[in-house]
Amino acid sequence: MSTEVGSPVAGLATAISEVPDPVFSQAMVGPGVAVKPTGGRADAVAPVAGTVATLHPHAFVIASPGGAAILVHLGIDTVKLKGEGFELHVAKGDVVEAGQRIVTWDPSEVESHGYSSICPVVALDVVPDALTDVREDGQVVAGDPLFAVGA
C-alpha cells in the first residue's frame with residue numbers, strides 16, 4: 001500500500017537536492033521533494049491524513065495510518081525565528097485530514113529575515129527507492145501530489 005503525499009504549500013516543486021541545507025539536500029532525514037513557495041501570507045496544509053506526531057511553528061510531522069511519517073519544514077533555519085510569524089491551527093496528537101490547515105505563515109516575511117522559504121517535504125525512515133511518482137518540477141497548489149511512499 002502506498003500513501004500519496006500532497007504539497008503543503010503552493011509554489012514551484014523542485015528536487016530535494018536544491019535545498020540550501022545538507023541535512024535535507026543529502027536526504028539525511030529521508031527522501032522527498034522541496035517546494036519553493038509563492039510569496040505572501042498563506043496556509044501550510046497537511047500533506048497526508050493522519051496524526052500530528054510532531055509540531056513546531058516552523059515544522060511538523062504527520063504520521064499516516066499506512067505507516068508513512070511525513071515531515072514538512074517551513075523554510076530553512078526558521079527555528080531561529082522562535083515562532084514569530086507562524087500561527088498554529090492544530091495541536092500535537094490531533095487527527096487531521098489531507099489538506100487541513102496546520103500553520104499560517106508568510107514566506108516573504110521569512111525571506112525578509114534572511115532565511116530561505118523553501119519547504120522540504122520528507123518521508124521519514126524510508127529508503128529513497130520507497131518513493132514513486134516523484135514530482136520535481138512545475139507549479140503546484142496545496143494538495144497537488146508530490147510523491148507516493150510505499151509502506
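**Entry 1: Thr 14.** I began with the contacts of Thr 14 in this predicted model, and, leaving aside residues up to four places away in sequence, I found that Thr 14 touches Val 33, Ala 34, Lys 36, Ile 118 and Glu 136. The residue belongs to strand E2, which covers residues 11–15. I then looked up its accessibility: Thr 14 has a relative accessible area of 8%, and because the cut-off for buried is under 20%, I entered Thr 14 as buried.

**Entry 2: the salt bridge.** I searched for salt bridges and found that the structure holds one. The partners are Glu 87 and Arg 41, whose side chains meet at 3.5 Å, N to O. Since Glu 87 lies in strand E8 and Arg 41 in the loop between strand E3 (32–37) and E4, the pair ties together parts that are 46 residues apart in sequence. For Glu 87 I noted a relative accessible area of 39%, which makes this residue partly exposed.

**Entry 3: the sheet that includes E8.** Following E8 further, I found an open sheet of three strands in the order E4-E10-E8, with antiparallel pairing. Strand E4 (42–45) and strand E8 (87–88) are the edge strands, each pairing on one side only. Between E4 and strand E10 (residues 101–105) I noted four bridges in the antiparallel sense, and in this register Ala 42 has Trp 105 of E10 as its bridge partner.

**Entry 4: a second open sheet.** I also traced an open sheet of three strands in the order E1-E14-E12, where the pairing is antiparallel. Strand E1 (2–6) and strand E12 (131–132) stand at the edges with a single partner strand each, so one side of each is left without a neighbour in the sheet. E1 pairs with strand E14 (residues 145–150) over five bridges, in the antiparallel sense, and Ser 2 stands opposite Gly 150 in E14.

**Entry 5: E5, E6 and E7.** Here I followed consecutive strands. E5 and E6 form a hairpin with two residues between them, and they pair in the antiparallel sense over five bridges, with Thr 51 opposite Ala 63 in E6. E6 also pairs with E7, again antiparallel and over five bridges, and Ile 62 stands opposite Ile 70 in E7. The hairpin of E6 and E7 has five residues between the strands, and within this hairpin I noted that Gly 67 takes a positive phi near 105°. When I checked burial along E6, four of its five residues proved to be buried.

**Entry 6: nonpolar cores.** Which residues touch the most other members of the largest nonpolar core? Of its 33 residues, these are Ile 70, Leu 74, Ile 102, Trp 105, Phe 147 and Val 149. The elements giving two or more residues to this core are E3, strand E5 (50–56), strand E6 (59–63), strand E7 (69–73), E10, strand E11 (119–124) and E14. Apart from this core lies another one, of eleven residues, among them Val 19, Phe 24, Ala 59 and Val 61. I listed the contacts of Leu 74 as well, not counting residues up to four places away in sequence, and they include Val 9, Ala 44, Phe 86, Val 103, Trp 105 and Ile 118.

**Entry 7: a surface patch.** Last, I turned to the nonpolar surface, where Val 23, Met 28 and Val 29 make a patch of about 230 Å². Met 28 is found in the loop between helix H1 (22–25) and E3, and at 54% relative accessibility Met 28 counts as exposed.

How values were computed. Residues are numbered from 1 along each chain as its sequence is written. This is a predicted model: local features need pLDDT of at least 70, side-chain atom pairs count only at pLDDT 80 or more; totals for chains, interfaces and linings use all residues. Side-chain values use heavy atoms; hydrogens and water are left out. Two strands pair if DSSP finds at least two bridges between them. Buried means under 20% relative accessible area, exposed over 50%, partly exposed in between (1.4 Å probe, protein chains only). Contact means heavy atoms within 4.5 Å. A salt bridge is a side-chain nitrogen of Lys or Arg within 4 Å of a carboxyl oxygen of Asp or Glu. A nonpolar core is a set of buried Ala, Val, Leu, Ile, Met, Phe, Trp, Tyr and Cys residues joined through side-chain atoms within 4.5 Å. Patches are made of residues with over 30% relative accessible area and no salt bridge: like charges are joined within 9 Å, nonpolar side chains (Val, Leu, Ile, Met, Phe, Trp, Tyr) within 5 Å. Accessible areas come from the Shrake-Rupley method with a 1.4 Å probe; for residues, only the protein chains shown count as cover.
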